[in-house]
Amino acid sequence: MTEQTALSRAETSRARLLEAAVTAFAEKGFHGTTTRDIASAAGMSPAALYVHHKSKEELLYLISKEGHDDTLRLIRGAIAASDNPVDALRRVVYDFATHHARDHVGARVINYEIGALTPDHLAVIRRLRREIDDEIRALVARGVDAGEFHPRDPRLAATALLSLGIDLARWYREGGRWTPDQIGKEYADMALDIVAARS
């Protein structure tokens with residue numbers, strides 16, 4: 001076996017364990033999930049988990065960090081897509097909401113299991129969350145400065161905008177009443193109401 005093949009197999013095994021951990025954490029919660037649950041779902045022995053990851057907590061951290069990094073990239077990309085704050089807000093809320101609906105299982109773990117992280121890992125996630133918050137707050141401020149948005153409290157409006165997408169992970173299920181696209185469009189309209197956008 002070549003070094004490249006071994007590396008590829010190791011990466012595949014790590015990815016399988018991460019995917020299994022997302023499912024297990026979503027179903028049982030972090031504390032209710034055992035390393036045996038994760039390894040079994042990945043089709044591996046319990047010992048295999050420790051070959052690729054230091055601990056169950058490290059798996060949660062990697063899942064959470066990747067999810068927050070993806071969300072930050074998504075938000076920055078959506079905001080950068082338009083100089084018009086109204087269009088940028090529509091785009092960012094649509095993208096944020098549909099992303100959370102389509103990956104609601106992962107989003108549930110990423111947003112609601114972070115209390116189980118070690119202090120050092122939690123500090124990294126909190127820094128990423130602040131960056132996400134800052135991007136939305138800056139967009140709302142840009143709309144206010146341009147005379148397009150008129151919220152009574154811009155900071156609270158930005159917090160409400162983020163809550164729209166995050167809470168989707170709590171209740172969204174495939175095959176329900178609304179598709180991710182329908183939710184994204186409706187939430188984008190609601191977002192303009194939240195910031196009291198000029199008609």
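The following questions and answers concern a predicted model.

Biologist: How many residues line the largest pocket, and which lie nearest its centre?
Modeller: The largest pocket holds about 570 Å³ of space. Its lining consists of 26 residues. Those nearest the centre are Gly 67, His 68, Thr 71, Ile 110 and Asn 111.

Biologist: Which element gives the most residues to the lining of the largest pocket?
Modeller: The elements that give two or more residues to this lining are α1 (3–28), α4 (56–80), α5 (85–102), α6 (104–112), α7 (119–145) and α8 (154–166). The greatest contribution is 6 residues. The element that gives them is α4.

Biologist: By class, how many residues in the lining of the largest pocket are charged?
Modeller: The lining is divided into three classes. Of its residues, 10 are nonpolar and 9 are polar. The number of charged residues is 7.

Biologist: Is Val 109 buried or exposed?
Modeller: Val 109 belongs to helix α6. A residue counts as buried when its relative accessible area is under 20%. The relative accessible area of Val 109 is 1%, so this residue is buried.

Biologist: Which residues does Val 109 touch, not counting those up to four places away in sequence?
Modeller: A contact requires heavy atoms within 4.5 Å. With residues up to four places away in sequence left out, the contacts of Val 109 are Val 22, Phe 25, Ala 26, Leu 60, Ile 63 and Ile 114.

Biologist: What separation do the C-alpha atoms of Val 109 and Val 144 have?
Modeller: Along the chain, Val 109 and Val 144 are 35 residues apart. In space, the separation of their C-alpha atoms is 34 Å.

Biologist: Is His 100 buried or exposed, and which residues does His 100 touch?
Modeller: His 100 is part of helix α5. Its relative accessible area is 4%, so His 100 is buried. Not counting residues up to four places away in sequence, His 100 touches Thr 71, Ala 107, Asn 111, Gly 165, Ile 166 and Leu 168.

Biologist: How many salt bridges does a search of the whole structure find?
Modeller: A pair counts when a side-chain nitrogen of Lys or Arg is within 4 Å of a carboxyl oxygen of Asp or Glu. One such pair is Lys 65 with Asp 69, whose closest N and O atoms are 2.8 Å apart. Over the whole structure, the search finds 11.

Biologist: What separates Lys 65 and Asp 69 within helix α4?
Modeller: Lys 65 is partly exposed, at 27% relative accessible area. Because Lys 65 and Asp 69 are 4 residues apart in helix α4, their separation is about one helical turn.

Biologist: Which residue forms a salt bridge with Glu 131?
Modeller: Glu 131 is partly exposed, with a relative accessible area of 23%. The partner lies in helix α7 with Glu 131, 4 residues apart, about one turn of the helix. The closest N and O atoms of the pair are 2.8 Å apart, and the partner is Arg 127.

Biologist: How far apart are the closest N and O atoms of Asp 134 and Arg 137?
Modeller: Both residues lie in helix α7, 3 residues apart. Asp 134 is partly exposed at 46% relative accessible area, and Arg 137 is partly exposed at 22%. They form a salt bridge whose closest N and O atoms are separated by 4.0 Å.

Biologist: Which residues are linked with Arg 127 and Glu 131 in a network of salt bridges?
Modeller: Arg 127 is partly exposed, with a relative accessible area of 38%. Its salt bridge with Glu 131 belongs to a network. The other residues linked in this network are Arg 76 and Glu 135.

How values were computed:
Residues are numbered from 1 along each chain as its sequence is written. This is a predicted model: local features need pLDDT of at least 70, side-chain atom pairs count only at pLDDT 80 or more; totals for chains, interfaces and linings use all residues. Side-chain values use heavy atoms; hydrogens and water are left out. On a 1 Å grid over the protein atoms alone, a cavity is a set of points where a 1.4 Å probe fits but cannot get out, and a pocket is an open set with protein on both sides within 12 Å along at least five of seven lines; lining residues have an atom within 4 Å of a point. Grid points are joined across faces, edges and corners, and a volume is the space filled by probe spheres set on the points. Ala, Val, Leu, Ile, Met, Phe, Trp, Tyr, Cys and Pro count as nonpolar, Asp, Glu, Lys and Arg as charged, and the others, Gly among them, as polar. Buried means under 20% relative accessible area, exposed over 50%, partly exposed in between (1.4 Å probe, protein chains only).
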